[in-house]
Amino acid sequence: MRSIMLCFPLFIIFLLTSCSLRNGENEFRAFIDQHLKTIEPKLKAFNLASWNANATGDKKYYDEKAALDLEVRTIYSNKKEFEQLKKWKESEEIKDALLQRQLIIIYNKYLINQFDAALMRKIVEKATAIENKFNVFRPLLEGKEVDDNEIVNILKTETNSAKRQKAWEASKEVGIAVAADVIELAKLRNQAAQQLGFKNYYEMSLIASEQSLEEITAIFEELKQLTDEPFGKLKSEIDTKLAKKYGIKAEQMMPWHYEDRFFQEAPRVGTIDLDKYFKGKKIDELAATFYRKLGLPVESILKNSDIYGRKGKYQHAFCDDMDRLGDVRTMQSVVDNKYWMSTMLHELGHGVYSLNVRRDLPFYLRIEAHAFLTEAIAMMMERQADNADWLQAMVGLNAEEYETVRAEGQENLRMHALLFCRWTQVMMRFEKAMYENPDQDLNRLWWSLVKEYQMVTPPEGRNAPDWAAKIHLALYPAYYHNYQLGELTASQLQYYLAKNILKQEGAKEVCLANRPEVGQYLKEKVLAPGASLRWDALIKEATGEPLTARYFAEEYAK
Ligand SMILES: [Zn+2]
């Protein structure tokens with residue numbers, strides 16, 4: 001009798017809890033259904049307007065795109081719904097794994113749109129004003145207005161140090177024009193983040209994209225240590241070679257002596273012109289053959305795509321998933337050369353990711369696990385265009401040239417990877433510090449980072465906002481580190497493929513031509529799960545270990 005009495009309330013409590021759990025999940029399910037009815041068509045319409053804007057340059061599509069962007073933001077800025085999402089998140093009522101993943105993703109979308117509307121408007125206006133300044137700004141060089149291409153050309157060909165210095169300084173002028181605005185924008189973004197209880201905008205952005213400052217800093221630290229020595233060696237080789245070209249001593253090398261104005265790209269080495277192998281070939285058909293034999297066909301993407309250049313059209317390349325239901329498209333301005341072969345492989349890498357996410361997942365999970373993961377697949381595919389075996393299989397290399405192409409391709413990839421990974425250190429660390437304290441001496445901070453990570457000598461006595469000349473700091477905030485994470489992931493996947501799928505010695509020269517088993521693995525382990533797994537869980541699941549810089553270093557820093 002007593003025991004029944006005691007059990008009874010416990011039973012009721014159990015029943016009530018399980019009921020309210022179920023209720024929480026049911027309510028959340030109903031919320032998603034309702035929410036998708038409004039958001040899904042808007043996102044699709046936005047993608048279409050954006051596609052049309054890029055395809056035609058027509059103002060009417062840009063206006064349509066801006067209007068839809070505002071409508072989408074308005075949905076995500078709904079305070080009542082955000083409070084409800086927050087309650088679900090804090091209550092831990094949502095136990096189902098897929099519902100949990102959706103809750104986190106939807107919550108984050110609402111979170112970053114919860115700023116006060118007036119502040120949001122100020123941020124958008126400030127960013128637009130900066131973008132405009134970047135677009136119209138033309139520095140003076142010897143009394144004449146010059147554009148980007150002219151500066152790039154001088155830094156590529158000029159051997160007179162004084163002339164190089166002038167061109168380099170001209171390339172930094174835009175920094176002076178926008179610096180005060182960029183600082184102000186950083187402060188506005190910080191205000192917004194602080195309204196939501198975060199320390200600063202950088203921290204908030206990382207958290208809202210399911211990353212954390214500790215994770216990112218730790219991996220960048222690991223990468224720094226692994227590349228300190230090999231980068232130092234490469235840097236002194238580059239200095240020696242370039243100094244000789246300019247008739248100076250290696251110690252006299254200054255920032256303007258490098259081909260790239262930020263020293264973020266290596267000059268290409270090569271005695272063999274790879275372009276000739278693509279002359280007269282259909283780049284899209286070559287790519288289609290490669291991907292088909294990889295078991296990841298792209299015909300349905302190419303059918304919807306806009307491949308060749310024309311007047312008024314966007315000049316670079318991108319790939320878009322229009323509806324998360326198979327309408328994946330790429331826009332390019334293909335020419336029959338090596339550059340566009342690499343670009344095509346890259347964009348279709350994004351494409352096959354979108355196309356192969358499990359179609360039966362809910363809308364919010366029918367997307368890549370993280371932006372840097374789709375970047376990783378794209379980068380891995382792009383690297384193929386520098387692989388001698390891939391070129392041999394796809395375009396038939398001249399037998400005499402094979403060994404040279406092999407050595408040069410490897411060297412180009414290595415130089416690019418090593419230089420770029422030190423540059424991303426500067427960007428990540430600068431951006432983090434700028435949002436932590438926008439009032440510090442940013443000019444000095446920039447050059448101290450450039451000196452430490454890129455080992456470039458700061459010009460004596462220079463006190464100018466050279467950092468502000470990098471457009472990403474203003475317009476694509478808290479994102480740059482993802483390019484590097486993409487590179488690291490590409491190397492980790494490649495290492496796994498070499499060892500476990502291709503069963504080859506070493507991961508340096510992984511050729512993916514005619515390897516359907518690779519496509520099978522990628523599809524199953526990396527692409528299909530979409531965002532049903534968080535990025536870190538997905539990488540661990542796919543490669544057996546957490547994301548590390550080790551394989552990138554193995555590939556390029558040894
Ligand atoms: Zn990309």
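Start by selecting helices α15 and α18: in this predicted model, α15 passes α18 in a left-handed crossing.

**Stop 1: α15 and α18**

Colour residues 402-436 for α15, and you will see this helix pack against α18 at an angle of about 145°, with the two axes 9 Å apart. To look at the contact itself, show the side chains of H416, F420, C421, T424 and M428 on α15. Their partners on α18 are H481, Y483, Q484 and E487. Sorted by class, the contact of α15 with α18 has four nonpolar, four polar and one charged residue.

**Stop 2: from α18 to α20**

Keep α18 (residues 481-501) on screen and add α20, which covers residues 535-543. These two helices pack at an angle of about 20°, and their axes are 10 Å apart. Since an angle under 35 degrees counts as roughly parallel, α18 is roughly parallel to α20. On the α18 side, pick T489, Q492, L493 and Y496; on the α20 side, pick I539, A542 and T543. This contact of α18 with α20 holds four nonpolar and three polar residues, and no charged ones.

**Stop 3: α5 and α7**

Now move to α5 (residues 117-136) and α7 (residues 161-195). Their packing angle is about 160°, with the axes 10 Å apart. Angles over 145 degrees count as roughly antiparallel, so α5 and α7 are roughly antiparallel to each other. Here, too, you can look for a left-handed crossing, where α5 passes α7.

From α5, the residues to show are L119, K122, I123, K126, A127, I130, K133 and F134. Those they meet in α7 include V174, V178, L185, L188 and R189. By class, the contact of α5 with α7 comprises twelve nonpolar, two polar and six charged residues.

**Stop 4: the zinc ion**

Next, centre the view on the zinc ion. Which residues coordinate the zinc ion? They are H346 and H350, each through NE2, and E375 through OE, at 2.1 to 2.2 Å. Along the sequence, these donor residues follow the spacing H-x3-H-x24-E.

Turn on the cartoon for α12, residues 338-356, and both histidines appear in that helix: H346 and H350 are four residues apart, about one turn of the helix. Are the two histidines buried or exposed? Buried means under 20% relative accessible area; H346, with a relative accessible area of 10%, is buried, and H350 is buried as well, at 12%.

**Stop 5: two loop residues with positive phi**

Most residues other than glycine have a negative phi. With that in mind, select E142, whose phi is near 50° and thus positive, in a residue other than glycine. You will find E142 in the loop between β1 (140-141) and β2 (144-145). E142 is exposed, with a relative accessible area of 66%.

Then jump to R324, another residue other than glycine with a positive phi, near 60°. R324 sits in the loop between β3 (318-321) and β4 (328-331). Is R324 buried or exposed? At 15% relative accessibility, R324 counts as buried.

**Stop 6: E90**

To finish, select E90 in α3, the helix of residues 79-91. E90 counts as exposed, with 58% relative accessibility. Draw a distance from its C-alpha to that of N47: the two residues are 33 Å apart in space and 43 residues apart in sequence.

How values were computed: Residues numbered from 1 in each chain as written. Predicted model: local features only at pLDDT ≥ 70, side-chain atom pairs only at ≥ 80, totals over all residues. Heavy atoms only, no water. Donors = N, O, S within 2.8 Å, 3.2 Å for Na, K, Ca; no water. Buried < 20%, exposed > 50% of the residue type's maximum accessible area, 1.4 Å probe, protein only. Axes fitted to C-alpha atoms, helices over the stretch in contact; angles between N-to-C directions. Parallel < 35°, antiparallel > 145°, perpendicular 65-115°, else oblique. Left-handed = near helix turned anticlockwise from the far one by under 90°. Contact = heavy atoms within 4.5 Å. Nonpolar A, V, L, I, M, F, W, Y, C, P; charged D, E, K, R; others polar.
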